[in-house]
Structures are given as structure tokens and as C-alpha cells.
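Me: I am new to this structure and would like to understand how its parts are described. Could you walk me through the reasoning behind the terms?

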Amino acid sequence: MDQPLGPLMLEVEGLNVRYGSFHAVKDVSFDVRPGEIFGMLGPNGAGKTSTLSAIEGLLKPTSGNIRVAGYDLRQKPLHAKAAMGVQLQATSFQAELTVSEIIRLFAGIYGVPMSADKIEHLLEEIKLADAAGKKFGQLSGGQQQRVSLLIATIHQPRLVLLDEPTTGLDPQSRRQLWERIEAIREKGYGVLLTTHSMEEAEAVCDRVAIIDHGQVMITDQPQNLIDRYRQDPEVLAVSRRGKVTLEDVFIALTGKTVRA
């Protein structure tokens with residue numbers, strides 16, 4: 001395999017996606033650096049899913065460039081896709097398969113050697129040492145998400161895409177998954193995370209981009225955004241606790257209207 005061309009885990013430049021006359025993604029540009037968790041925040045219908053789908057290679061953008069670990073997605077799609085791992089919001093593993101069987105299956109698909117000892121070690125890492133023989137359908141939601149994240153990273157991808165990974169999890173399960181995501185960052189990988197939780201974005205993201213109506217409105221570190229807008233009248237008007245949060249900034253920039 002050719003060596004990657006650059007240090008960035010993801011480069012998106014001038015991305016446009018159209019569905020007929022509807023312009024879903026409008027000239028979107030951002031990057032994800034090594035050892036960085038980058039959050040993409042936006043209301044429903046803002047363009048997040050279309051952007052992710054283009055990065056994953058599931059839809060062809062109207063225009064723009066996407067590079068994963070230096071590989072151009074159009075020129076070297078197999079290299080680019082091999083360098084990324086994807087965890088969707090909803091898992092689709094066969095409920096009757098055991099955790100061990102699922103790990104062996106996907107390790108085989110990715111060409112990763114997998115022994116019983118290695119499976120045991122991987123499950124110990126995600127605090128599921130006693131789950132190897134359990135059927136996937138018997139696991140709790142948080143446990144299923146940890147297994148899903150393990151599968152998404154089993155081939156050690158340079159870029160990990162996480163689509164609202166903690167939706168519906170209880171606080172303990174969510175914190176455990178945050179720890180797993182932070183462990184991915186510590187290995188030097190890049191993480192692109194979509195979330196509706198501003199608390200999550202503040203807690204784990206190094207930088208965030210707020211996207212609305214298909215356009216990136218602003219990109220910065222969460223605390224920098226809070227500091228920048230702390231005295232903004234529109235932000236103060238939506239603040240509920242007297243202390244400005246990232247959610248206050250988000251609502252002030254994207255509006256109070258509930259999206260379908």
C-alpha cells in the first residue's frame with residue numbers, strides 16, 4: 001500500500017452535495033488532525049448526515065475534495081476506505097451471534113489475525129471480559145455500543161467516524177464510551193464525531209464545527225466559542241442558568257426553532 005501523502009487524518013475541501021434542486025451541503029471545508037476528536041454539531045437537516053455519507057463514500061458529492069489519511073477518496077477509494085472505521089448510531093449485528101463470533105467475523109473481513117487470547121485481551125480493554133460467549137442481543141445498549149466501537153477500530157484505522165454514538169445511553173454507559181473514544185485519540189488517530197449533546201461536545205471534543213443549512217457557520221475549540229460569545233446579547237438571551245454554555249452558543253447561532 002502506498003504511503004499517505006500528509007499528516008491530516010481527514011481533509012474536506014469545498015464539499016457540495018445536491019439532491020436534485022436541493023442543495024444539502026454547501027461548500028463545506030474542515031479537517032481532522034492526528035490525535036484529535038472533532039465534533040460536527042447541527043440541528044436535524046443541517047447537512048451532517050450528507051457530509052458523513054460523502055466521507056464514507058456512500059454518496060457521490062456534486063463537487064469538492066475528500067482525503068482520508070492523505071488518500072484522495074475519488075482517486076484511491078480503496079485506500080481511503082481502508083483507512084477509516086465507522087460506527088453508526090444503530091448497530092446491525094446479528095443478535096444471535098456471540099460477541100466472539102462477531103469479532104472473528106469482522107477481523108476476517110479486514111484480514112486481521114484473531115486468536116482466542118487476542119479476543120480476550122480486546123474484551124478486557126473494553127471492560128467486557130466475561131462477554132465473549134454472550135449473544136449480542138443479550139448485551140445492554142452501552143455494551144453493544146462498546147462492541148460496535150471495537151469492531152469499527154479492529155483494523156486500526158487512521159480515521160474513526162462516530163455518528164451519535166451515545167444516543168440513548170445512561171450516564172454510566174456514556175462516560176465509559178467517552179473513555180473509549182478518548183483512548184482512540186491517545187493512539188494518534190483522528191475522530192470525527194456527530195452529536196446532539198452539547199455536554200458531550202464540551203467534554204470530549206478538541207474542536208467543533210457548527211453546521212446549519214448545509215454550511216459550516218464556525219469552527220473552534222468549545223471553550224473558545226463560549227469565551228467568544230459570552231457577552232453576545234443573543235447568547236445571553238437564551239442562557240437559562242446565568243452561565244453561558246456551548247448549548248447557548250449553538251442555539252443562538254442556529255435558532256430556537258425545532259427541526260423535524
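**Helices and sheets, step by step**

Reply: Happily! In this predicted model, helices H5 and H6 are roughly parallel to each other.

Me: Why are H5 and H6 called roughly parallel?

Reply: The axes of H5 (residues 141–152) and H6 (residues 171–186) cross at roughly 10°. Angles under 35 degrees count as roughly parallel, so the label fits. The two axes also come within 9 Å of each other.

Me: Which residues in H5 and H6 meet?

Reply: From H5, Gly142, Gln145, Arg146 and Leu149 take part, and among their partners in H6 are Leu177, Ile181 and Ile184. By class, this contact has four nonpolar, four polar and two charged residues.

Me: What makes S2 and S5 edge strands?

Reply: The open sheet of four strands has the order S2-S1-S4-S5, with antiparallel pairing. Strand S2 (22–32) and strand S5 (71–72) each pair on one side only, which is what the edge label refers to.

Me: How do you know that S1 and S4 pair?

Reply: Strand S1 (residues 10–19) and strand S4 (residues 63–68) share five bridges, in the antiparallel sense. Two strands pair if there are at least two bridges between them, so S1 and S4 qualify. Asparagine 16 stands opposite serine 63 in S4.

Me: And what makes S3 and S9 a pair?

Reply: Four bridges join strand S3 (residues 36–41) to strand S9 (residues 207–212), and the two run parallel. With a cut-off of at least two bridges, S3 and S9 therefore pair. One of the partnerships is leucine 41 with isoleucine 210 in S9. Both strands belong to an open sheet of six strands, ordered S6-S7-S8-S3-S9-S10, whose pairing is mixed.

Notes: Residues numbered from 1 in each chain as written. Predicted model: local features only at pLDDT ≥ 70, side-chain atom pairs only at ≥ 80, totals over all residues. Heavy atoms only, no water. Axes fitted to C-alpha atoms, helices over the stretch in contact; angles between N-to-C directions. Parallel < 35°, antiparallel > 145°, perpendicular 65-115°, else oblique. Contact = heavy atoms within 4.5 Å. Nonpolar A, V, L, I, M, F, W, Y, C, P; charged D, E, K, R; others polar.
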